[in-house]
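Trainee: Got a minute to go through this one with me? I'd like to start with a single residue and work outwards.

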Amino acid sequence: MKLGYCLAILGAAMASHASSTSRIKENALRDNIDLTVLSFIEDALADISSLHTTRIQSQLSLFNNATRIDTHTHPVPSWFRSLQPLAAGRETPSWDPISHLKFMDDHHIAHSILCVSTPQANAFPDDRERTIALARLLNEYVSELVRVFPGRFSWLAVTPLPYVKDAVVEVRYAVEELGAIGVGVLTNHEGLYPGETSFDPLWEYLQNRAENGDGKEIVFIHPHDPVIRLDNGSLVSSKPSPLRSGLGEFYFETARAISSITANRTIMKFPNLHWRVSHGAGAFPDISDRFLLGFPKDAEEARRIYATRFWYDSAGPVYPRQIKGLLAHDVPISQMVFGTDYPYGIGFWDVNANIDGLSTADFLSAEEKDGVFSANARTLWVGKLRYN
């Protein structure tokens, strides 16, 4: 690599430090967000500014024959990992952009869609100021990463739910100013599930944006540890099993979240929202028929929406067996997308075996497999994914 090119990149990185830090602080002040409530703010701002220097190392990845679109991946800034050393009962994985690009190169992935994993901005229960500050900082980090690698990454914004007014402010900033291509929420935010009527102002904002835009907004639902709020207002774990959540509870959480947006008619009230669901819908296919018995007037419409406005990823051991639960409920392969859960899945499941489970599935045609690996994601985010 030529010395002049390296020096140019380094010079641009140094120049960007002051400008990006200034922009982030000014916009936070404009939106009444106090970033100084986070003890690690200066380290995080320096980390954001340093992202430009990684472009030099990124030239090591060639991306030959890369065509896949990974719709379920997670950035883990070092300061976020220090804040949250455990995730679903396991050690939070180490991550950096170059390792992520190498993983993509090794697995023929041309483009990855990023969304910060659990607990997203909910690392400080009952602390509104730090929750909204963390949501802003995480979104600034991921948006900067995408600016550095626009051909390789897109991103979904996190929210400071359950603080709904603040969530609308943050999502508006993320999608209108920072370029997020959707929103990521947890199965529950401090014990409140996404179908709660108190969350409706956020869905109304996205619905109005879709109506005035391209007709579609995407909401990614990711599992989180279950909690319950006691009468005294305190939050306690409601996980019934001593086993770590990743072994099964996350699947039940996903089912609770889908049940929530169905029972409270969120999926009917906001017809321009498309729901990106993790891990092949978790346990929901197994309970859906029984669950919908409680909503006979909505059952047929709910099933239609599950097959048209829900999109299910392959992260985890979904293919070739679990996916058949969705197919049995008449959800077409056109609603399935590819996902790896990188880097959280590494060491938990065999990523190569999971991908092989999809690529060798004897009940899918070659065209259907191509759809899951890339074409269906392009349909979902039509015109919004730009990759080379």
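Mentor: Sure, and keep in mind that this is a predicted model. Let's start with His111: apart from neighbours within four places in sequence, His111 is in contact with Arg68, Ile69, Asp70, Met104, Pro150, Gly151, Arg152, Phe153, Ser154, Leu385, Arg386 and Tyr387.

Trainee: Which element is His111 in?

Mentor: His111 sits in strand β4.

Trainee: And is His111 buried or exposed?

Mentor: Buried, since its relative accessible area is 0% and the cut-off for buried is under 20%.

Trainee: What about the rest of β4, how many of its residues are buried?

Mentor: Six of the six, so β4 is largely enclosed by the rest of the structure.

Trainee: OK, so what sheet does β4 belong to?

Mentor: An open sheet of three strands, in the order β1-β4-β5, with parallel pairing. The edges are β1, residues 68-73, and β5, residues 153-155, and each of these pairs on one side only. From one strand to the next, the twist averages 25 degrees.

Trainee: How many bridges hold each pair?

Mentor: β1 and β4, which spans residues 109-114, pair over four bridges. For β4 and β5 it's three bridges, again in the parallel sense.

Trainee: Give me some register points. Which residue stands opposite Arg68?

Mentor: That's Ile109 in β4. On the β5 side, Ser112 stands opposite Phe153. Going back to His111, its contacts include both Arg68 and Phe153.

Trainee: Which helices lie across these strands?

Mentor: Take α5, residues 97-106: this helix lies across β1, β4 and β5 and runs at about 135 degrees to β4. Then there's α6, residues 128-148, which lies across β4 and β5, at about 150 degrees to β5.

Trainee: Anything worth a look inside α6?

Mentor: Try Glu140, which is in that helix. Glu140 counts as buried because its relative accessibility is 0%.

Trainee: What is Glu140 in contact with?

Mentor: Leaving out neighbours within four places in sequence, Glu140 is in contact with Arg23, Ile24, Ile48, Tyr173 and Leu178.

Trainee: Switching to backbone oddities. Where are the cis peptide bonds you've picked out?

Mentor: One goes from Thr118 to Pro119, with omega near 10 degrees. Pro119 is in the loop between β4 and α6. Another joins Tyr319 and Pro320, with omega about 5 degrees, and Pro320 is in the loop between β11 and α13, the latter being residues 323-328.

Trainee: And positive phi in something that isn't glycine?

Mentor: Asp126 has one, about 65 degrees. Asp126 is in the loop between β4 and α6, and at 45% relative accessible area it is partly exposed. Ala281 has a positive phi too, near 75 degrees.

Trainee: Where is Ala281, and is it buried or exposed?

Mentor: Ala281 is in the loop between β10, residues 273-277, and α11. Ala281 is buried, with a relative accessible area of 1%.

Trainee: Let's do empty space. How many cavities of 30 Å³ or more turn up?

Mentor: Two, searching the whole structure. The largest holds about 120 Å³ of space.

Trainee: What lines the largest cavity?

Mentor: 13 residues, and Phe284, Ser288, Tyr306, His329 and Val331 lie nearest its centre. The elements giving two or more residues to that lining are α11 (284-292), α12 (299-306) and β11 (310-313). The most comes from α11, with four residues.

Trainee: And the largest pocket, what's its volume?

Mentor: About 340 Å³. The largest pocket has 21 lining residues, of which Gly246, Phe250, Asp341, Phe348 and Trp349 lie nearest the centre. As for elements, β3 (90-91) and α9 (249-263) each supply at least two residues of the lining.

Trainee: Last one: what does the UniProt record say about residues 69-381?

Mentor: The entry, which is unreviewed, annotates them as "domain: Amidohydrolase-related". In the model, the end C-alpha atoms of that span lie 11 Å apart. The span is 42% helix and 14% strand.

Definitions and conventions:
Residues numbered from 1 in each chain as written. Predicted model: local features only at pLDDT ≥ 70, side-chain atom pairs only at ≥ 80, totals over all residues. Heavy atoms only, no water. Pairing = 2+ DSSP bridges. Axes fitted to C-alpha atoms, helices over the stretch in contact; angles between N-to-C directions. Contact = heavy atoms within 4.5 Å. Buried < 20%, exposed > 50% of the residue type's maximum accessible area, 1.4 Å probe, protein only. UniProt positions renumbered as here; feature names shortened; annotations may be inferred. 1 Å grid on protein atoms, 1.4 Å probe; cavity = no way out; pocket = protein on both sides within 12 Å on 5 of 7 lines; lining within 4 Å. Points joined across faces, edges and corners; volume = space filled by probe spheres on them.
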